[in-house]
Amino acid sequence: MSSSDAALAAISLALFVGIYMASLVLHELGHALGAKWIGADVYKIVIGEGKRLARFKALGFLWEIGINCLGGACYPEYPKPLPGMRWRKIAVIAAGPLMNLLLVAAALTAYAACPSPESFLAKTLLLAALTNVFLLFGSLIPFESTEDKQPTDMLALIRTLGVPESALADLVRYSYVARATDLVKDGKLAEASALFEEKCSGTQADFGLLMALAHELLSRGDPKGEEFWNRLLAHPEFQRGQEREHILARFLSSIALCPQSPTPALANAVETSADELGHLKPEDPTGQLVRGAALVRVGNVMEGLELLRRAERTCRPSTPMRALHATYRAAAELGRGEVQLAGEFLHTALSLDPSSEIARALRTRLQSTSPSDPLRKEKT
Ligand SMILES: [Zn+2]
């Protein structure tokens, strides 16, 4: 490849990325305008899933930029129940792909009007049309993203058609979930709990939020954590066996990270949950890590450490898993007052994964551990 070919390839790639991002933004803007049109508000528009890189206000909307910029999402908020909720929701869903369809038509019309089909402008217009065809088809394939559990427009449409009208009225109650989930992510747990208490619908929509709240409150030693955990256990979704392994693992992980000694009731729940998770996924290293760390935390040191060692053997080839092992091992050691050992494991964890939020929180806790800490007296 000559240097001019390389330059051309680089320009083409930059052009494609630019057009793709612009089309994605317009697709989400389509959803947002659709939401406004049917009388709903828009909480935020997200471009890119995963870790949040930026957050700002523009064009009257709250925008969030994530690290994985392949897809996006728009979060409508329904301030009050409106007649014909199903058709309103369908209009919001359809507005995104409709925007891409309009862009294809506009780009092709402009292309046809171009005097020379070989010109840079003509080629750019053709690329814009193709990119929007690609986005349009992407939104028409029914699937759910693995990271943020966001359904594509087609899957959202199928779900909306299958839900009874009475349940659709719940949209009004549970459109607060995105707002409350952001409060949890920002560490504003009191505000998030208050919003949850006010609007909780007890349906699948706020089940994930309840799980996140219970996890965060418990792992920070907030007394409300136990109450939220009990509500999670009583939730119809949990009773139905939804995501049981996932929930047990998050519970055990929150106990492992909790700065205070768990109450006897919670310690009992840890033993039962660790047993159940062990039966459901005996060889899963992440499961072994959270079981081990939680068992050490409630005083079952022998069994807990054995599980942590077993997980370590399986984790060895993978750097992220080794970082996770060191983090949970540090949490366990910190929990039983082995401050020096905890520090060593934390050092390993942070050198393997400096961005780990759990490890950073543990380090802050370790640094503030005072000699009068009852956990440290336990050791001697
Ligand atoms: Zn869409």
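A residue is exposed if 12 or fewer other C-beta atoms lie within 10 Å of its own, buried if 20 or more do, and partly exposed in between. Keep this rule at hand. The model is predicted.

**Exercise 1. Decide whether L59 is buried or exposed, and say where it sits.**

Step 1. Find the place. L59 lies in the loop between β1 (41-58) and β2 (61-77).

Step 2. Count. L59 has 10 other C-beta atoms within 10 Å, so it is exposed.

Step 3. Check the backbone. Most residues other than glycine have a negative phi. The phi of L59 is near 55°, a positive value in a residue other than glycine.

**Exercise 2. Place L62 and classify its exposure.**

Step 1. L62 belongs to strand β2.

Step 2. Apply the rule. L62 has 16 other C-beta atoms within 10 Å, so it is partly exposed.

Step 3. List its contacts. Leaving out residues up to four places away in sequence, L62 touches Y43, K44 and K57.

Step 4. Compare sequence and space. L62 and V42 are 20 residues apart in sequence, and their C-alpha atoms are 8.2 Å apart.

**Exercise 3. Describe the overall layout of the protein chain.**

Step 1. Take the secondary structure. The protein chain has 19 helices and 2 strands.

Step 2. Take the dimensions. Along the principal axes, the C-alpha atoms fill a box of roughly 85 × 60 × 35 Å.

Step 3. Split the chain. Domain 1 covers 3-162 and domain 2 covers 183-377. Their centres, taken over C-alpha atoms, are separated by 37 Å.

Step 4. Look at burial. Of the 380 residues in the protein chain, 36% are buried.

Step 5. Look at contact range. Take the contacts between residues at least 6 apart in sequence; 58% of these join residues at least 24 apart.

**Exercise 4. Classify L157, I158 and T160 of helix α4 by exposure.**

Step 1. Locate them. L157 is in helix α4 (residues 153-162). I158 lies in helix α4, and T160 is found there too.

Step 2. Count neighbours inside 10 Å. L157 has 19 C-beta neighbours, so it counts as partly exposed. I158 has 13, so it is partly exposed. T160 has 18, so it is partly exposed.

Step 3. Find the contacts, leaving out residues up to four places away in sequence. L157 touches I90 and I93. T160 is in contact with R86, K89, I90 and I93.

Step 4. Read the C-alpha distances. T160 and W87 are 73 residues apart along the chain and separated by 9.2 Å. I158 and P142 are 16 residues apart in sequence and 8.2 Å apart in space. L157 and G50 are 107 residues apart in sequence and 24 Å apart in space.

**Exercise 5. Work out how α14 and α16 are oriented, and which residues make the contact.**

Step 1. Note the ranges and geometry. Helix α14 (residues 285-297) packs against helix α16 (residues 319-335) at an angle of about 10°, with the axes 8 Å apart.

Step 2. Name the orientation. Angles under 35 degrees count as roughly parallel. Therefore α14 is roughly parallel to α16.

Step 3. List the contact residues. From α14 come P285, T286, L289, V290, G292, A293, V296 and R297. From α16 come M321, L324, H325, Y328, A331, A332 and G335.

Step 4. Sort them by class. The contact has 10 nonpolar, 4 polar and 1 charged residues.

**Exercise 6. Find the residues with the most contacts inside the largest nonpolar core, then follow A293.**

Step 1. Start from a general tendency. In soluble globular proteins, nonpolar side chains tend to be buried together.

Step 2. Take the core. The largest nonpolar core has 87 residues. L252, A256, A293 and A294 have the most contacts inside it.

Step 3. Ask which domains contribute. This core draws at least three residues from each of domain 1 (3-162) and domain 2 (183-377).

Step 4. Follow A293. Not counting residues up to four places away in sequence, A293 touches A256, G304, L308, Y328, A331 and A332.

Step 5. Link back to the helix pair. A293 is one of the α14 residues in the contact with α16. Y328, A331 and A332 are among the α16 residues there.

Technical notes
Residues numbered from 1 in each chain as written. Predicted model: local features only at pLDDT ≥ 70, side-chain atom pairs only at ≥ 80, totals over all residues. Helix = DSSP H or I, 4+ residues; strand = E, 2+ residues; numbered from the N terminus. Axes fitted to C-alpha atoms, helices over the stretch in contact; angles between N-to-C directions. Parallel < 35°, antiparallel > 145°, perpendicular 65-115°, else oblique. Contact = placed C-beta atoms within 7 Å. Nonpolar A, V, L, I, M, F, W, Y, C, P; charged D, E, K, R; others polar. Core = buried A, V, L, I, M, F, W, Y, C linked by C-beta atoms within 7 Å. Domains from an automatic or database assignment.
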